[in-house]
Each structure stands twice: as structure tokens, then as C-alpha cells.
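Trainee: I have a structure open and do not know how to read it. Can you take me through it step by step?

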Amino acid sequence: MSTLFSIESMTAGYEEKIVLRDVSMDVEENDFIGIIGPNGGGKTTLLKVILGLLKPLSGRVDYSPGDLKLNQIGYMPQVAQGDALFPVTVEDVVLSGMMHHKGATGRMGRNEKRRAAEVMDELGLTALAHQALNELSGGQLQRVYLARAVSGSPRLLLLDEPATFVDASFEADFYEKLKILNNRMTIMMVSHDVGTISAWVKSFACVSEKVFYHPHSKITQDDLRLYGCPIQLVTHGDVPHVVLHKHD
Amino acid sequence: MENLFEYSFVIRSLLGALFASITAGLAGTYIVSKRLVFLSGGVTHASFGGIGLGYYLGINPVVGAAVFGLGSALGMEYMSARGKMREDSAIGILWALGMAVGIIFIYLTPGYAPNLMSYLFGSILTVTDGDLIGLGIISAVLIIYTAVFYRTLLYISFDENYARTFTRHVDLFRYISVGLTGLAIVLNIRMAGVIMIIALLTIPANIVMLFTRRYLRIIVLSTMVSFAGISGGFALSWFTNLPTGATIVAVLVLFWLVARGIRTLKRSSSIEKLKKTTI
């Protein structure tokens, strides 16, 4: 495995509030990292710094190890962000994932339309191509935003709580699609549901001001405590309920 | 001679209607999609302050209105981007302040009191060549701006945060869009009137959105709907001697009611079909 990019003693935050402090981390190519941690711990901030949307206060992200370019990063923000009543079609949204490779005039030609059709086909959206967003279910909407994130053929895919507002029955299907995508791109996915995603991810990163990388998909309460990661480990099956110690 | 006058009047009216429709189609689609209707109302009324000031200083009132309209549009955008104030309250204050300033300055202006009614309710009779040229220019600028940056503008309007991942100029585009919208509003005042303008910006786009959700189609079709509504309103007001602005609004609302009726019929017939096929 080779390194795709490195975060080097990076500190980041907003208006005098530091959210991430002195974070260092190497992200390996084709890893599938589940990003977990408490609310306000800096998960979204971490994604924004990697995307280049937020300048670190100190330190940096070094994209040179894997020669990663900013326009090779696909991003799926939290689903609630787009205005679902806005008059825009599924195809338009998928096409917007290719704007990274365009100038401000953003002309979409035959190649882009073909690429959008491919992605919509892969994610089962072909029949919905000319539908407006307000006619879609939560699961369909989620796949539209995933299609937007991958239509530009990214090498790194960042997902921010992709399963919010989605029916549990769609979730497994969604992660299955991510697993296939993981064959050709590195994935970092923010999630609250450690129990569910541990079946799909290859590793975990716990973000709570610091970032602790855990190179396996099996993570225990002890690991979390060790990392100072005060989150509830959701277990499925008849495991007794675990009372967590508060992080100090 | 009388024929010639009528002929040039018809040409002027049609040109005015065309330009107003183009601005309504382009700016209206943006305003309705982005839910900026109330903000547009605020900008329109704020620009009335500029009209009053223009009279007081003895300059062209439309120039005063343009300065106020542009200033208030950009100011509102700046404040809402900062998120430091309740936006609807800010708009309400600006709305009333603009009207108050306008009325005070017109009251202070010595001599002949201008025909306020024509600014409030609009009149094609008071539209000057300069107004028509101004409307023509803003129409052309809006068309070119939208055509050249179509995708970028569409995606910034739809999902600003995502747009930031592919362009560093989100804020610049937003200010340009809002500024052009403000100017388009102001230049329509003489014809449509401060109070009526909101109808031009909202009704056509809303009519079209009953039938399609494709952004480009909404722009094109709402321009056509506006043109039908404005020229229909002109004709009706000409023959009935009713005030132009009010007649246009009445015609547009009538269109909207008919469109709603058509859509309801379409919906129920497609539901009927669905019932038949499932049984």
C-alpha cells in the first residue's frame, strides 16, 4: 500500500475556536476509513480541510505522496444541504460533479452527458434522470448525491454522514455500492453508527480534537477509551448494554 | 399624424413588454428558486427612496432608484451572508425606510409634486426612451451572463456549499447575480410600478414551475408567460382605460389560476388512469 496524502501537524478551526489540534495522519491508497467521534469533535472540519475549503491555522495537508489533486476529490456533504425544492433534475445534479474539471463557463458536452449516464446506470438512477429532486425518496436522493460525488471519477471520496434520513433497508444496499467503488478509490466516511459501518469499512479514525487512526475494522470500547473517543458503541445482537466512561 | 403616434406607442409598449419579460424570466426564475421574493420586495420599496431623492436633487429619479436598489440588494446579501441579523426583519425595516425616505424627499421638493401614482402603480405612458434603453441593456446583460455561466450559476443557486468545492468565486457570482437582479427590478419600476413589480418576478415563474422543474425551461417559458401577461395587460388597459400595472397583475393572476386548474385536471386524470390500470 502506498500513501495517498498526509496530514502534517495540522491545526484548524473557526474564529478563535480550535476544532482540530496538531493532527498528523497518513491516508493509504484504497483504504476505506470510517470517521467516528463525538458531535463537534471535528469530523466535518477534517473533511473540509482535506477538500481545501478550510485553510488550516497551522500545519498542512501534503497531497504530493500520491500526487493527489484537489479536483480528484469527490465530496458528498450531509444530505440536508441541497435545497430539494430547487428546480433541478437528477441529471443536472450528477453533471455538477464534473464541474471540477471545467472552467467557470462549465459547458457540459456529449462526453460529460455520457459519463453522467454511466454513473446513473451504475447507481440505479437511469429511470430518474429527468425527475426533479422533490419527487425522490430519501434513498434515491442519497444515491443522487453519491452519483454527484463520483461522476468526476475521483481518487478520494469523502462522505459526511451519508446514511442520515435514509431507511435502514436502503443502508446495506448503499454500503454495498461503496464497497464496489472502493476498488477504484480511497474512501473516508463520517458516521455515527460505528456498529453498522464496521461491517463495511477497513479501518477507523476517531476524531475528537485529535485524530487516532485504528487500522482495523474491529474496534472495541477499550480502543475508544484509549483514543479518548467518547462515543456510544452501538452493538447489534444480545450484547449487554455498555455504560461509557466520559472522556476527561 | 395620429396614426404615427399610435404606431410608435404600440412599438414602445411591445419593446417595453419584451424587455420586462426577459428580466422577469431571468431574474424571476432566480428569485423564485432561491426564495428571494421577500428580499426583492424589500429592494423594490427601498429604491423608492432613491426616486424621492432624485426628485429632490433634480436628477433623473431612475438613477436615484438604481443607486438605492443596487445598494440595498448588495447590502442585504452581505448581511444575510454574515448571518448576523434576522433577515426578514432587516428586509421589513429597509422596505419601510425606503418608502419613508422617498415620501419625505418628495414632500420637501419645492414646486410641482411629481405623479407618485405612476411610480407606485406603473404606467407605460411615462416610460422614456432612456428607460427603454436601460431595460434593453439590462436584458442583454442578463441574457449573456446567464448563457455564459449557466451551469455555474445553476449549481451555486442550488447548493452553495458544494459549489465551493469547484469554484473559488461563489461569493463574487452571488453578488453579481443579486446586483443584476436589483438593477433589473429598478429599471422595471417606471413601467410596472413599485407595488406591482413583485407580481412580474413571481407569478410567471410560479406558473411554469407547476409544469416543469427544469431550470432552463422555466427561464424560457416564464419569459413567454410574462410577455403574454404584460402585452395582454397593456391591451386590456388601453381599451378599458384601467391603470396598466394593476391590469397586468390581474391578467397574470388569472393566468396562474387557469394554470392551477389545468394542473389539477391533469393530476386527477392521471390518477384515474393509474386506478384503471391497477384494477
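Mentor: We will go from the whole of chain B to its helices, then to one residue, and end with chain A. Keep in mind that this is a predicted model.

Trainee: Let's start with the make-up. How many helices and strands are there in chain B?

Mentor: Count the elements, then read their order. Chain B has 13 helices and zero strands. From the N terminus on, its elements run α-α-α-α-α-α-α-α-α-α-α-α-α.

Trainee: How do I judge overall shape? What is the radius of gyration of chain B?

Mentor: Compare the value with the globule rule. The radius of gyration of chain B is 20 Å, and the rule gives 19 Å for 279 residues, so chain B is as compact as a globular protein of that length. Its C-alpha atoms fill a box of roughly 75 × 50 × 35 Å along the principal axes.

Trainee: And the inside? What share of the residues of chain B count as buried?

Mentor: Of its 279 residues, 48% do. Look at contacts too. Take those in chain B with a separation of 6 or more: residues 24 or more positions apart account for 74% of them.

Trainee: Now helix pairs. At what angle do helix α3 and helix α4 of chain B pack?

Mentor: Read the angle, the distance and the hand. Helix α3 of chain B spans residues 61-82, and helix α4 of chain B spans residues 87-108. They pack at about 165°, with their axes 10 Å apart. An angle over 145 degrees counts as roughly antiparallel, so α3(B) is roughly antiparallel to α4(B). Their crossing is right-handed.

Trainee: Which residues meet there?

Mentor: From α3(B) come B:F68, B:S72, B:M76, B:M79 and B:S80. They meet B:E87, B:A90, B:I91, B:L94 and B:G98 in α4(B). By class, this contact has six nonpolar, three polar and one charged residues.

Trainee: What about helix α2 of chain B and α4(B): how do their axes cross?

Mentor: Helix α2 of chain B covers residues 37-57. Its axis and that of α4(B) come within 7 Å and cross at roughly 20°. Under 35 degrees counts as roughly parallel, so α2(B) is roughly parallel to α4(B). α2(B) passes α4(B) in a left-handed crossing. The contact of α2(B) with α4(B) divides into 19 nonpolar, eight polar and one charged residues.

Trainee: Let me zoom in on one residue. Is B:S47 buried or exposed?

Mentor: Count its C-beta neighbours. B:S47 is found in helix α2 of chain B. It has 31 C-beta neighbours inside 10 Å, so it counts as buried.

Trainee: Which residues does B:S47 touch, leaving out those up to four places away in sequence?

Mentor: B:S47 touches B:A65, B:F68, B:G69, B:S72, B:G98, B:V186 and B:I189. Check one distance as well. B:S47 and B:G64 are 17 residues apart in sequence and 7.6 Å apart in space, C-alpha to C-alpha.

Trainee: Now the other chain. How many residues of chain A are in contact with chain B?

Mentor: Count each side in turn. On chain A there are 20 residues, in contact with 22 residues of chain B. The chain A side has eleven nonpolar, seven polar and two charged residues.

Trainee: Which residues of helix α1 of chain A are buried?

Mentor: Helix α1 of chain A, residues 43-51, is mostly covered, with seven of its nine residues buried. They are A:K43, A:T45, A:L46, A:L47, A:K48, A:V49 and A:I50. Just after α1(A), A:G52 takes a positive phi of about 85°.

How values were computed:
Residues numbered from 1 in each chain as written. Chains lettered and ligands numbered in written order. Predicted model: local features only at pLDDT ≥ 70, side-chain atom pairs only at ≥ 80, totals over all residues. Contact = placed C-beta atoms within 7 Å. Nonpolar A, V, L, I, M, F, W, Y, C, P; charged D, E, K, R; others polar. Axes fitted to C-alpha atoms, helices over the stretch in contact; angles between N-to-C directions. Helix = DSSP H or I, 4+ residues; strand = E, 2+ residues; numbered from the N terminus. Parallel < 35°, antiparallel > 145°, perpendicular 65-115°, else oblique. Left-handed = near helix turned anticlockwise from the far one by under 90°. Rg over C-alpha atoms; globule rule 2.2 N^0.38 Å. Buried ≥ 20, exposed ≤ 12 C-beta atoms within 10 Å, placed from the backbone.
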